[in-house]
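Colleague: I should like a close look at one part of this model, namely how its strands are arranged. Please carry the account through the neighbouring loops to whatever the chain surrounds.

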Amino acid sequence: MSDREWWKSAVFYQIYPRSYADSNGDGVGDLPGITAHLDHLNDGTPHSLGVDAIWISPFYRSPMADFGYDVADYRDVDPVFGTLADFDRLLAAAHEHDIRVIVDFVPNHSSDRHPWFVESRSSRTNPRRDWYVWADPAPDGGPPNNWQSRFPIGSAWTLDGTTGQYYLHSFLAEQPDLNWWNPEVRAEMEATLRFWLDRGVDGFRIDVAHMMLQDPDLRDNPEPLTIESRRMDEDWPEVHEIHRSWRRLLDSYGDRMAVGEVWILVPERVARYYGEANDELHLAFNFSFLRQPWVASAFREATDQFESLLPVGAWPDYTLSNHDVHRARSRYDSTADGGRGPAGLARARVAAMMLLTLRGTPFIYFGEEIGQADAEVPPERALDVEGRDPERAPMQWAPGAGAGFTTGDPWLPIGSEADRVNVAAQRDDPASMLGLYRRLIWYRKGSAPLLRGSYRSLDAPEGVFAFVREADGESLLVALNFTDAAARFDADGASDGAVERRGHVELSTDAVRHTDVEVSLAPLILGPNEGVVVRLAQAGT
Ligand code: NOJ
């Protein structure tokens, strides 16, 4: 892999800036707060997490109807997060820590308070009218077609009284869709990308990268709308042209990258966003793990499927959580106590090993590295229209009232486990989740099979997901027990060459299992909810 392809071997870490670290006591996280915690992310030693890149969710000027995904100025920092100078300091400090920085780019829609939309809605003849998607009412005065917003549930059209036309908003009415058929919009947004590239960012996470363009004739979506339907309001063929143009732009800067959020449930369609000639997105988020029940065969199938669908030369990626879904720790909990039981935590450990040993770029959501659970958010403190507050609750740094996140009143409640589950409590505990994440990440950095090796899943007993990674004559077996009972697995055929009876345990999710020891492969015994990485004897040894 060349240096231009740093993103293939990098471990990414997503920071939701409102919730990471508050430096000024206003209860909301900010950019200086992130800068102050870079040592946690990577101080160059295995005492830190060791991530290679961060993706920062939007910090641009915004009325916060969708907490930053409603942008009112694409080229400035919202005062709640700091200033552009704070951003520059963060970027420089991150680079000194060997951490690349990608920023969120939200091209599909702006805020309704963006000056462009204020102008656009002011009259039908305003020069910016065509920067958004306006349409006449249907003959009965209702919306122009049957398109629905993704949230809240309802029509994607809102009637604007001043001019008597409807405007399109695929999300909130406060998030009008930009008109990407308009070349002026494309030019302006490309200039925005250059603005951040020239500041030195290493790339972009692109919000709803499969949207932007819709049927220019505004035809109805088929009804009923199914996963397979040819929708008129997203995944429109010409959107690929836009991605090709952005790829050319990024390539002209050398080593910059883009990862796109392609929230389509059909993986074949997601894979197309890499481009037929690998000339579109560097990575399209693979969200398949967010939807799998905690069943080994489901994860195996999702992985094998994505591997087989990708165009030749395209690189996979995986993620367990983000700011839009419940945290893995809570999702995987099977006990009745709402994500607090040992099962969720034990499973999250197995999931971490899976994430960091599969072939592809891993994305870690902040807090996963300590096994943070969703917070309980009582109805009177709910803020998000979509109910996504629990997974967005503040990072748990330390015990105490503000969990080390803030000295003020946190914008969302702190998780109820924060006094126990926090960075300070885990920092020196090798048995902790943080200890496990660190071991996995630092081991990965030095492992050719994990960084760039081939991937092959194995037939394993029910409840076990096992695969082999191979590179440079070195083979690693990863065996993950998804069940609460011990598992036996005849793994002596795992290596492609001679039948090996023994392997060498490199890593285990089980805090008390001995690693760095020889182990039988016939059978390999896995403890309940245990994952292991076993080095198979090298060819010729
Ligand atoms: C996807 C983002 O991840 C989500 O948080 C946001 O609400 C929508 N796009 C709209 O921008």
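**Strands, loops and the ligand site**

Modeller: Strand E1 (residues 12–15) and strand E2 (residues 53–56) run parallel and are joined by 4 bridges. Within this pair, Gln-14 of E1 has Trp-55 of E2 standing opposite. Please keep in mind throughout that the model is a predicted one.

The two strands belong to an open sheet of 8 strands, whose order is E13-E12-E11-E5-E2-E1-E15-E14. The pairing in this sheet is parallel. At its edges stand strand E13 (283–284) and strand E14 (317–319), each of which pairs on one side only. As a general point for reading any such arrangement, side chains in a regular strand alternate between the two faces of the sheet.

A second open sheet is formed by 3 strands, in the order E6-E10-E9, with antiparallel pairing. Strand E6 (134–135) and strand E9 (157–160) are the edge strands here; each has a single partner strand, so one side of each is left without a neighbour in the sheet. The partner of E9 is strand E10 (residues 165–168), and 4 bridges join the two antiparallel strands. One bridge can be followed residue by residue: Leu-159 has Tyr-166 in E10 as its bridge partner. E9 and E10 also form a hairpin, with 4 residues between them. In its turn, Gly-164 has a positive phi of about 70°.

A positive phi also occurs at a residue that is not a glycine: Phe-67 has a value of about 45°. Phe-67 is located in the loop between strand E3 (60–61) and strand E4 (73–77).

Two loops contain a proline that follows a cis peptide bond. Pro-152 is in the loop between strand E7 (148–149) and strand E8 (154–155), and the bond joining Phe-151 to Pro-152 is cis, with omega about -10°. Pro-523 is in the loop between strand E21 (517–520) and strand E22 (524–526); the bond leading to Pro-523 from Ala-522 is likewise cis, with omega near 0°.

Phe-151 leads us to the ligand, since this residue is one of those surrounding the ligand. Others in the shell include Asp-66, Tyr-69, Phe-171, Asp-207, Glu-261, His-323, Arg-388 and Arg-392. By character, the shell divides into 3 nonpolar, 2 polar and 7 charged residues.

Three further members of the shell can be examined through distances to ligand oxygen atoms. A polar side-chain atom of Asp-324 lies 2.5 Å from such an oxygen. For His-109, an N or O atom of the side chain is 2.9 Å from an oxygen atom of the ligand. For Arg-205, the corresponding distance from a side-chain N or O atom is 3.0 Å. How much of the ligand's accessible area does the protein cover? On its own the ligand has 300 Å² of accessible area, and the protein covers 97% of it. The space that the ligand takes is the largest pocket.

Key
Residues numbered from 1 in each chain as written. Predicted model: local features only at pLDDT ≥ 70, side-chain atom pairs only at ≥ 80, totals over all residues. Heavy atoms only, no water. Near = heavy atom within 4 Å. Polar contact = N/O pair within 3.5 Å; in protein donor to acceptor, adjacent residues only side chain to side chain. Areas by Shrake-Rupley, 256 points an atom, 1.4 Å probe, with all protein chains shown as cover. 1 Å grid on protein atoms, 1.4 Å probe; cavity = no way out; pocket = protein on both sides within 12 Å on 5 of 7 lines; lining within 4 Å. Sits in = over half its atoms within 2 Å of the grid points. Nonpolar A, V, L, I, M, F, W, Y, C, P; charged D, E, K, R; others polar. Pairing = 2+ DSSP bridges.
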